[in-house]
Amino acid sequence: MFVAALKTTLPTYWTWLLGLSLSAFFLYGYDKWAAPRNRLRAPEIVLLLMALAGGFPGAFAGQKLFRHKTRKKAFMLTNWIALITHGALLFRFPHLGLPIG
């Protein structure tokens, strides 16, 4: 029911960003938890690709809150590139940010 309500109030692009952001955030948290326990970890390429695909808000938040991957320049650079890219997409195609009506 919640998903149906979300679909009618948010355009697909924003739903995509929200889903990837939440996934990236929780994956950063899991990866931070798994690191000292020698558990299965998320490959770095997965974290980077999630940010590029639209999960950069969750990746930024996960890095900050969990203090994870903050020393690796590739992660910060990738998040900023994703932010600029998605900002440019919204600037060039403003209809992506409009509600579906």
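In this predicted model, Ile81 is partly exposed, because its relative accessibility of 40% falls between the limits for buried and exposed residues. Ile81 lies in helix H4, which spans residues 73-92. Phe56 is 25 residues away from Ile81 along the chain. Their C-alpha atoms are separated by 9.2 Å.

Ile81 and Phe56 both take part in the contact between H3 and H4. Helix H3 covers residues 44-66, and its axis comes within 8 Å of the axis of H4. The two axes cross at roughly 85 degrees. H3 is therefore roughly perpendicular to H4, as angles from 65 to 115 degrees are classed that way. On the H3 side, the contact is made by Glu44, Leu47, Leu48, Ala51, Leu52, Ala53, Gly54, Phe56, Ala59, Phe60 and Gln63. H4 contributes Ala74, Phe75, Met76, Thr78, Asn79, Trp80, Ile81, Ala82, Leu83 and His86. By class, 15 of the residues in this contact are nonpolar, five are polar and one is charged.

His86 also belongs to helix H4. Its relative accessible area is 7%, so His86 counts as buried; the cut-off is under 20%. Residues up to four places away in sequence are set aside in listing its contacts. His86 then touches Leu52, Ala53, Gly54 and Phe56, along with Tyr13 and Leu17. Those first four residues are also among the H3 residues that meet H4.

Leu96 is located in the segment after H4. With 26% relative accessibility, Leu96 is partly exposed. Tyr13, a contact of His86, is also in contact with Leu96. Tyr13 and Leu96 are 83 residues apart in sequence. In space, their C-alpha atoms are 6.1 Å apart. Beyond its neighbours within four places in sequence, Leu96 contacts Pro11, Tyr13, Trp14, Leu89 and Leu90.

At the level of the whole chain, the model contains four helices and zero strands. The order of elements from the N terminus is α-α-α-α. The chain has 101 residues, of which 31% are buried. Contacts between residues at least 6 apart in sequence were also examined. Of these, 67% join residues at least 24 apart. The pair Leu96 and Tyr13, 83 residues apart, is one such contact. The exposed area of the protein chain is about 6,900 Å². Carbon and sulfur atoms supply 73% of that area.

Conventions
Residues numbered from 1 in each chain as written. Predicted model: local features only at pLDDT ≥ 70, side-chain atom pairs only at ≥ 80, totals over all residues. Heavy atoms only, no water. Helix = DSSP H or I, 4+ residues; strand = E, 2+ residues; numbered from the N terminus. Buried < 20%, exposed > 50% of the residue type's maximum accessible area, 1.4 Å probe, protein only. Axes fitted to C-alpha atoms, helices over the stretch in contact; angles between N-to-C directions. Parallel < 35°, antiparallel > 145°, perpendicular 65-115°, else oblique. Contact = heavy atoms within 4.5 Å. Nonpolar A, V, L, I, M, F, W, Y, C, P; charged D, E, K, R; others polar. Areas by Shrake-Rupley, 256 points an atom, 1.4 Å probe, with all protein chains shown as cover.
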